[in-house]
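Morning, everyone. I have one structure to walk you through today. Please look at it on the screen while I talk.

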Amino acid sequence: MTSSDKTPDASSAFLSVSSSPPSSSSYSTTTTTTPTTSNYSTTERNCPTAPEAPAYRLDIEDIYSDSSDPDDKPNLDILKQHLLLEGRLTEQAALRIIESGAAILREESTMIEISAPLTICGDIHGQLYDLIKLFEVGGSPATTRYLFLGDYVDRVDIFFSVLYLWSLKIHYPKDFFLLRGNHECRHLTDYFTFKQECLVKYTEKVYETIMSAFDCLPLAALMNKQFLCVHGGISPEIRTLDDIRQLDRFHEPPAYGAMCDLLWSDPVEDYGYEADIPSSTTPPKRRTSIPLNDSPSNILSQTNLPSSSSSSNEQLFLHNTTRGCSYFYTYAAVNEFLLHNQILSVIRAHEAQDVGYRMYKKTAETGFPSLITIFSAPNYLDIYQNKAAIMKYENNVLNIRQFNSSPHPYWLPNFIDVFSWSLPFVGEKVIDVLLSILNICTDEELAEYDEHIDTLIERNERELRKERLRLKIRALGKVAKAYKSFRELSEHIITLRGLTPSTNLTELNNNTEVKTEAEVAANILRDSNDSTEERFSKVKILDQVNERMPPSKPIYSMISPMIAERIKRTSIPNDTSQESSKKDISSNILKNGTTQGLVKMRRESYGGNSSLAPIVDLTATINGKSNLLMKK
């Protein structure tokens, strides 16, 4: 059912900015007494092999043939080449593309119905160069119908692929489809990287317009009346496909409820082989999921709840402690949903896969996988080393195509400039030089008594000078230690990339617990003896803390009062249902729902204090869990 990627490697089409030093062969050597020097230009590029980013921004007139025509479409070739060169658009041009795409999305149903043939893609997380490779593997959007399952932004600092995706939607509104993922919201884009990317490359108005466009994205798709396509999965509140059609999607996703479950839910870890769960159960009762709070008092209160509840709902759905919200759904839950709605399978994204996809246990009635996960971001975060995959469905034949990552320009974390990034490295060397100068005299020499100094005043002045010199040396020693710590943290950030809890060196340096864990995690990832599978397993374990729903910020301060009121009406259940929901939580649901120290600081700075991390041996924990995952 699978076929390997047969297309040429993307490195032949796109250039990357190399971070390696020039080879020794690039330098000329001579044995003459006259040294040779290289003259570097201050006005021209000294690395002609790396393409220069355009200094200008494309305006409306540059990408539209008739800018006065509201029905005109952007030039895809010009836009694509400009974005690949890391070029940007003017605010007016970006807003026009986003608003035009949002107008099309707004007219679509909450659950769109699509016929085959169709190519289905999972998370891309803004990896523009890999998105271009995806179209090489799957076919040009001009001739191939596509469905993307969400997560177009966040976790990557370097690419702005939303403009290109929205332009494709404008060109092919009936053949290019986009669903909403859990990252297409204000909450996560503010917590992770996308909002910052918008503010660095564009304006806050562009960001707010994109957020409004995300509110227009459909939540699900029914492909060929056989496959339900969503980002996360099913929900105990959704019994029929009509339940999805009736959802109000035009707002920020709430922290619980049916809309949240469609975007956040996951299959249980042992899907299809669950212990002590009967293969057939009665349909689940409708209830509202309760968001899991990281605070110790909340965990304590929930774990003390009665554990005697054995309702069918708990046999079909378990609280998702990995995400901190929504549910794990079981094989029985998916089977019940498929049978009740007379469909073949559920296709979703939301989880990184080492080979780009995963097909779960087949249903007994059809012999077809009950659940399929697709992930289309190769070498996710530049550290996962995973393959990506897309699924092509045509003439009742399902075909999986895999591909590897493409070269791309390198950006320093947090959009920091090279000068600022180099300060810890340069500062450490400068301090070393100063210390060497001041350490010309040893401590014994400084304490040496000079018998030729007779007067008390001269002796006191000499002692004062010695003491000032000692103080300078001690001060420089402290500064040298700080610069060394900053330099080591900078190296850890480069290694951890998207796993780093914060790219602010001062914050990291002031938190001893997080700094220590970052060092341990970086050393784990630097192990060059790991296989690709071992590397993927270790990174996925380290990244689990970033997969949780972030702590809440006052959401109503970020959106309009009208939308805020709508969220309150649609998301907050009545007291009776809330009480019954709390009674259904068993005491062992949260036993593994802890928050590691590696992300504690970022959560505290974002939304208040979070629970303290358990004191564990991180290296032993990662190695042990990764071995367990490998065996599975």
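I'll start with the whole chain, then take helices, sheets and a few loop residues.

First, a caution. This is a predicted model. Every value I give is computed from it.

Now the overall picture. The chain has 632 residues, and 51% of them are buried. DSSP runs give 23 helices and 17 strands. What about contacts along the chain? Take those with a separation of 6 or more: 78% of them join residues 24 or more positions apart.

Let's go to the helices. Find helix 3, residues 91–106, and helix 5, residues 162–171. Their axes come within 9 Å. They cross at roughly 50°. An angle from 35 to under 65 degrees counts as oblique, and helix 3 and helix 5 are therefore oblique to each other. The crossing of these two helices is left-handed.

Which residues meet there? On the helix 3 side, they include A94, I97, I98 and G101. Further along helix 3 come A102, I104 and L105, among others. On the helix 5 side, look for L163, W166, S167, K169 and I170. By type, this contact of helix 3 with helix 5 holds nine nonpolar residues, three polar and one charged.

Next, helix 8, residues 204–214. Which of its residues are buried? V206, Y207, T209, I210, M211, A213 and F214 are. And what covers them? Helix 3 and helix 5 are part of the cover. So are helix 6, at 186–191, and helix 7, at 194–201. That brings our crossing pair back into view.

On to the sheets. One is an open sheet of six strands, in the order 4-8-9-13-15-14, with mixed pairing. Its edges are strand 4 and strand 14, residues 357–359, and each pairs on one side only. Neighbouring strands in this sheet are turned by 20° against each other on average, ignoring direction. Inside it, strand 9 pairs with strand 13, residues 345–348. That pairing is parallel and runs over three bridges. One bridge to pick out: L228 has V346 in strand 13 as its partner.

Another open sheet has three strands, ordered 10-12-11, again with mixed pairing. Strand 10, at 266–267, and strand 11, at 317–319, are the edges. Each has a single partner strand, so one side of each is left without a neighbour in the sheet. Strand 11 and strand 12, residues 327–329, pair in the antiparallel sense over three bridges. There, H319 stands opposite Y327 of strand 12.

Last, some backbone details. As background, most residues other than glycine have a negative phi, and most peptide bonds are trans. Three places here go the other way.

Start with the peptide bond. A116 and P117 are joined by a cis bond, with omega about 0°. P117 is in the loop between strand 4, 111–114, and strand 5, 118–121.

Then E86. Its phi is near 65°, a positive value, and it is not a glycine. E86 is in the loop between helix 2, 76–84, and strand 3, 88–89.

K225 also has a positive phi, about 55°. Its loop runs between strand 8, 220–223, and strand 9, 227–229.

Are these two residues buried or exposed? E86 is partly exposed, with a relative accessible area of 25%. K225 counts as exposed, at 58% relative accessibility.

That's my tour. Over to you for questions.

Technical notes: Residues are numbered from 1 along each chain as its sequence is written. This is a predicted model: local features need pLDDT of at least 70, side-chain atom pairs count only at pLDDT 80 or more; totals for chains, interfaces and linings use all residues. Side-chain values use heavy atoms; hydrogens and water are left out. Axes are lines fitted to C-alpha atoms, for helices over the stretch in contact, and angles run from 0 to 180 degrees between N-to-C directions. Helices (H or I, at least four residues) and strands (E, at least two) are DSSP runs, numbered from the N terminus. Angles under 35 degrees count as roughly parallel, over 145 as roughly antiparallel, 65 to 115 as roughly perpendicular and the rest as oblique. A crossing is left-handed if the near helix is turned anticlockwise from the far one by less than a right angle, and right-handed if clockwise. Contact means heavy atoms within 4.5 Å. Ala, Val, Leu, Ile, Met, Phe, Trp, Tyr, Cys and Pro count as nonpolar, Asp, Glu, Lys and Arg as charged, and the others, Gly among them, as polar. Buried means under 20% relative accessible area, exposed over 50%, partly exposed in between (1.4 Å probe, protein chains only). Two strands pair if DSSP finds at least two bridges between them.
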